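Please open the model in your viewer and keep the sequence panel visible. The tour proceeds by selections, each followed by a description of what is found there.

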2 protein chains.
Amino acid sequence: MKTIHLMAAAACVLVLAVWTQSGVHAQQTAAGADGPRFTAANELMRPTDFREWIFVTSGLGMTYNEDVAGAPARVPNFTNVYVNPSSYRSFMKTGQWPEKTMFILEIRASQSEGSINKGGNFQAGLSAIEASVKDSARYPGKWAYFNFGRGTELKDRVVALPTTQNCYACHSANAAVDNTFVQFYPTLLEVAREKGTLRH
Amino acid sequence: MKTIHLMAAAACVLVLAVWTQSGVHAQQTAAGADGPRFTAANELMRPTDFREWIFVTSGLGMTYNEDVAGAPARVPNFTNVYVNPSSYRSFMKTGQWPEKTMFILEIRASQSEGSINKGGNFQAGLSAIEASVKDSARYPGKWAYFNFGRGTELKDRVVALPTTQNCYACHSANAAVDNTFVQFYPTLLEVAREKGTLRH
């Protein structure tokens, strides 16, 4: 009888342990474990699962520069924007980005004629992957920008681009919510309007 | 002592019950609980969380019709395609779609000038939401197509479109993998090539 009692107690402890572990895991995910990961040398690791993150928009041939806009037509690229899921859920509640938010910009070639398509544009080969991260403890300017390189020559880890690069000044001056171009992300734009967090 | 023993046993049963429930839930998710949900009247419910599903591509102004391609320019729409997560994971392993796969087509207006953007196109207001579902038990043709309607007048639930609609014949004749236009979804296209599941 004592043996059975002990076995039951042991089984109970085991079940409790498994259950508690699952709870801890869920908490970690909610707190941003799906965001940026860095090496000891301050390099941002390229996430391999970003296509399972939350898609916020795609643009085609977007141009922030008057001169380029007036230049002869070139084949435009698609720009797909993804954000880590826990930060997306936080934004949907608050209209703001928590620390450890990470965006991926996936740049893809476009193609017009192919299969049964006769007009307009669909997505083709990978051109480049870029990223931005919000981490006030790590970056004096709060947000940092990263370039994982082109197509099939992607780097696994990179340090932040120098703060003299255009992306820093442009995001800081023109972004609708906290350095992010929410003005181009229609679902998030509605949320920011509701929560009153739009800068422009 | 007997009371303590009984309380311990009761606690253990409770923990086991919670644990088993989580297990059952996880199994359901893996088996497609994130896919289509139907009413008793065979209407497909519009998922409210599809923007947290997996994004597979976005096109701009895609046109399958020669006549339309030659027609005067109109403002093109973006077409964002999402698939339920468990079916995506299954496809990444096999190059095939399991039963209860569901796609959402989110059609959005495009805009060219706005904020700092001077050229190209970014996404604007919601135009319409459409869907497709694979369910051999429910539909003789295996796949069915749905239209939740336009922009702010979306329906919560709809029956499948009649099989005389173009979408049925066009997907059946031209889709690269099992009625789905994987030829336009670059990440999935690579997987289908690897797994040898491309029809064209």
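Begin in chain B, at the end of helix α3(B): select G95(B), which lies just after this helix and takes a positive phi of about 75°. Next, extend the selection back over the helix itself, residues 85-94 of chain B. Its buried residues are S86(B), S87(B), Y88(B) and F91(B).

Before continuing, colour the model by confidence, for this is a predicted model. It scores ipTM 0.83 and pTM 0.84. Chain A averages a pLDDT of 86, and 80% of the residues score at least 70. Now select residues 6-31 of chain A, where the pLDDT is below 50. Beyond near neighbours in sequence, this stretch has 18 contacts in the model. Where pLDDT is low, the predicted coordinates should not be read in detail.

Move next to strand β3 of chain A, residues 77-83. This strand is mostly covered, with six of its seven residues buried. On one side, show strand β2(A), residues 54-63, which runs antiparallel to β3(A) and is joined to it by six bridges. Then show strand β4(A), residues 102-111: seven bridges join β3(A) to this strand, again in an antiparallel arrangement.

Individual residues make the pairing easy to follow. Select V81(A) in β3(A), opposite which stands T57(A). The bridge partner of V81(A) in β4(A) is L105(A). Select F78(A) as well; its bridge partner in β4(A) is R108(A).

From β4(A), continue to strand β5(A), residues 119-134. These two strands pair in the antiparallel sense over nine bridges. To see one such position, select I104(A), whose bridge partner in β5(A) is A131(A).

Now select Y82(A) and Y82(B) together. Of the 72 residues in the largest nonpolar core, these two touch the most other members. Around Y82(A), leaving aside neighbours within four places in sequence, display the residues in contact with it: F50(A), W53(A), I54(A), F55(A), V56(A), F103(A), I104(A) and E106(A). I104(A), the bridge partner of A131(A), thus appears again.

Finish in chain B with A137(B), in the loop between β5 (119-134) and β6 (143-150). Is this residue, A137(B), buried or exposed? A137(B) is exposed, because it has 7 other C-beta atoms within 10 Å, and the cut-off for an exposed residue is 12 or fewer. As a last step, place a distance label between A137(B) and K100(B): they are 37 residues apart in sequence and 9.9 Å apart in space, C-alpha to C-alpha.

Methods. Residues are numbered from 1 along each chain as its sequence is written. Chains are lettered from A and ligands numbered from 1 in the order in which they are written. This is a predicted model: local features need pLDDT of at least 70, side-chain atom pairs count only at pLDDT 80 or more; totals for chains, interfaces and linings use all residues. A nonpolar core is a set of buried Ala, Val, Leu, Ile, Met, Phe, Trp, Tyr and Cys residues joined through C-beta atoms within 7 Å. A residue is buried if 20 or more other C-beta atoms lie within 10 Å of its own, exposed if 12 or fewer, and partly exposed in between; C-beta atoms are placed from the backbone. Two residues are in contact if their C-beta atoms, placed from the backbone, lie within 7 Å. Helices (H or I, at least four residues) and strands (E, at least two) are DSSP runs, numbered from the N terminus. Two strands pair if DSSP finds at least two bridges between them. pLDDT is the predictor's confidence in each residue, from 0 to 100.
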